[in-house]
Amino acid sequence: MTSTCLQPWFAYILPRYTSPTGIRNIHNIINYLPVTNPVRHSVIRVNKDTKPNAKMMKLLKTANIFRLVLAGLLIMGLIYLCYISTSLRYAKEDQRLYLKGEREHQNNFQWKMPQGREREHQDNFQLKMPQGGERVHQNNFQLKMPQGLSYDQPRVLGPDGKGIPLSPWLAPIVWEGTFDPILIDSIYKQQNLTIATTVFALGKLIYLCYISTSLRYPKEDQKICLKGEREHQDNFQLQISQGLSYNQPRVLGPDGKGIPLSPWLAPIVWEGTFDPTLIDSIYKQQNLTIVTTVFALGKYTRFLKDFLESAEQNYFVGFHVHYYIFTDEPEQVPAVELGEGHHLTVIKVPSSNRWQDISLSRMKRLEKLLESPFVNEADYVFSLDVDSKFYGRWGVETLGRLVGVIHAWFYGSSREQFTYERRPESQAFIPYSEGDYYYGGAVIGGLVKDVYQLAKTCREQLEIDASKSIEAVWQEESHLNKYFLYNKPSKLLSPEYLWDDSKSKPEELKVIRFSQVLKNYAEIRPNP
Ligand code: UDP
Ligand code: GAL
Ligand code: MN
């Protein structure tokens, strides 16, 4: 005769054996257990033919209670799992926003905040974030205008009978010759794109199946679109790999007129390419804020008055602008009357003995500002040289994901003549065989996320150079040119937007909007 033990917990492990017949089966199983197993030390001894008695029935009842408790625990576990998977989904969505550059502020910001305030800011930020994120996204590609707006009908062909390559709201019109297939293919190859194409071919089942599958994609795309990831070309970074060989784009056509599209189809803004009434009306629909950083250290504070006064006449008039003036002498910032919706904040920074360092530190300070919660309000950012003056309209036509300006002195030059950094030891190095345009360092613009990425990258590259005791020929402008070569701007400003007072106005330039003023370097710079 074999005897065995039936512990309640054992009965629950093998619940189907807890019926009276089951007990006999348990007996068989327990036989396989080693003699050292405590299960074999019984409280109830049974043999094959034992009939369940009261004690055993009590035991089985206890086992049932165990099973009930277990079932409860399982249900609670399941509920918990559901909760975890939901919060994981939130984390993912947050990460998308992070990719849009909004979370970056928060993350970087957290490191620096004193512990007590950390959470407060984080919470505030999270409350604001979705709103801000959606806003930027919307601005980027919903070009709505109100009904009944009166403006000239756009023409498709110019007076020379050739196709016009830009709509009056600065959307590229793709004609043969407007783009470089090698270049544009290379840019888009970097992205793992899927082009959903719907085909309607009723009558054949197989086609119907195809349609129903392909219809799912637009839906998913729409979801992604709402997260701000993929919708518009403007949202992609237009990157190329180093060493790609293609023709240098020209700035002026054979007729001497400004060419309005880059070979990667970024609009080049010239007078006459856009309709101010129409484009203002489109952007007015959105509640935009353009953060504008200006550095005025040492004797450069003297430029602030003209800069600000002329800006108030010409710069985003009627739109929200927030100037951030970085200076070592806040008391030198003149009181300039600001137009409606325009604000100004002065940020005190330490000075530097070398103008090169002042100029260089702009990237770092721009990066830090964009990390801070100050700029939660910002949709777009511009960083502008203070030794400049506005002479004409600078408005929403300049807004884009990443914006660079074509330098006044080099738009007619071949790429070998550009004053890029040519020493391979510098991170700003560009070989003679490469280059699109020579960009001016006095104007950088774009969405917060994109300008942040630019400033951060340039700051890192500048630091690598500094650690090797090499300074690029035109400091941050050299690094900017390197960045723009491999991360192409989505909008280019013609030299109208960065002229030089020392250069007379040529035929091809219909208007000068912003220009570097004359200055006596020896007198205003802290060092030669
Ligand atoms: N800057 C400044 N103080 C200086 C030197 C430069 O504030 O002593 C800032 C200022 O915003 C200026 C920018 O750095 O517009 C670029 O320097 P600068 O205009 O002298 O360079 P350039 O345009 O002549 O190459
Ligand atoms: C000068 C300009 C400098 C720098 C240089 C590049 O005309 O004043 O800021 O851009 O061109 O070669
Ligand atoms: Mn300057």
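Leu265 sits in the loop between strand E1 (238-239) and strand E2 (268-269). This briefing describes a predicted model. It covers two unusual backbone angles, an open sheet of eight strands, the helices H9 and H10 that lie against strands, and two pockets, with about 1,600 Å³ in the largest and about 850 Å³ in the second largest.

**Backbone angles**

- Most residues other than glycine have a negative phi.
- Leu265 is not a glycine, yet its phi is positive, at about 70 degrees.
- Leu265 counts as buried because its relative accessible area is 10%, and buried means under 20%.
- Ser469 is another residue other than glycine with a positive phi, here near 55 degrees.
- The loop that holds Ser469 runs between helix H11 (448-467) and helix H12 (475-486).
- Ser469 counts as exposed because its relative accessible area is 70%, and exposed means over 50%.

**The sheet**

- Strands of a sheet pair through backbone hydrogen bonds, either parallel or antiparallel.
- In this model, an open sheet of eight strands follows the order E2-E11-E8-E9-E6-E3-E4-E5, and its pairing is mixed.
- E2 and strand E5 (342-348) form the edges, since each of them pairs on one side only.
- Strand E4 (residues 320-327) and E5 run parallel and are joined by seven bridges.
- Within this pair of strands, Tyr323 has Leu344 of E5 as its bridge partner.

**Helices against the strands**

- Helix H9 (residues 304-314) lies across E3, E4, E5 and strand E6 (380-384), and its direction is at about 175 degrees to E4.
- H10 also packs on the sheet, where it touches E3, E4, E5, E6 and E9.
- The direction of H10 makes about 145 degrees with that of E3.

**The largest pocket**

- Rolling a probe the size of a water molecule over the atoms shows where empty space is left.
- The largest pocket holds about 1,600 Å³ of space.
- Its lining consists of 47 residues, and those nearest the centre are Gly163, Pro165, Gly258, Ile259 and Pro260.
- The lining of the largest pocket comprises 18 nonpolar, 14 polar and 15 charged residues.

**The second largest pocket**

- About 850 Å³ of space lies in the second largest pocket.
- This pocket is lined by 34 residues, with Asp385, Gln516, Lys519, Tyr521 and Arg525 nearest its centre.
- At least two lining residues come from each of strand E3 (289-296), helix H10 (355-371), strand E9 (439-447), H12 and strand E12 (499-500).
- H10 provides the largest share of this lining, with four residues.
- By class, 18 residues of the lining are nonpolar, eight are polar and eight are charged.

Conventions
Residues are numbered from 1 along each chain as its sequence is written. Chains are lettered from A and ligands numbered from 1 in the order in which they are written. This is a predicted model: local features need pLDDT of at least 70, side-chain atom pairs count only at pLDDT 80 or more; totals for chains, interfaces and linings use all residues. Side-chain values use heavy atoms; hydrogens and water are left out. Buried means under 20% relative accessible area, exposed over 50%, partly exposed in between (1.4 Å probe, protein chains only). On a 1 Å grid over the protein atoms alone, a cavity is a set of points where a 1.4 Å probe fits but cannot get out, and a pocket is an open set with protein on both sides within 12 Å along at least five of seven lines; lining residues have an atom within 4 Å of a point. Grid points are joined across faces, edges and corners, and a volume is the space filled by probe spheres set on the points. Ala, Val, Leu, Ile, Met, Phe, Trp, Tyr, Cys and Pro count as nonpolar, Asp, Glu, Lys and Arg as charged, and the others, Gly among them, as polar. Two strands pair if DSSP finds at least two bridges between them. Contact means heavy atoms within 4.5 Å. Axes are lines fitted to C-alpha atoms, for helices over the stretch in contact, and angles run from 0 to 180 degrees between N-to-C directions.
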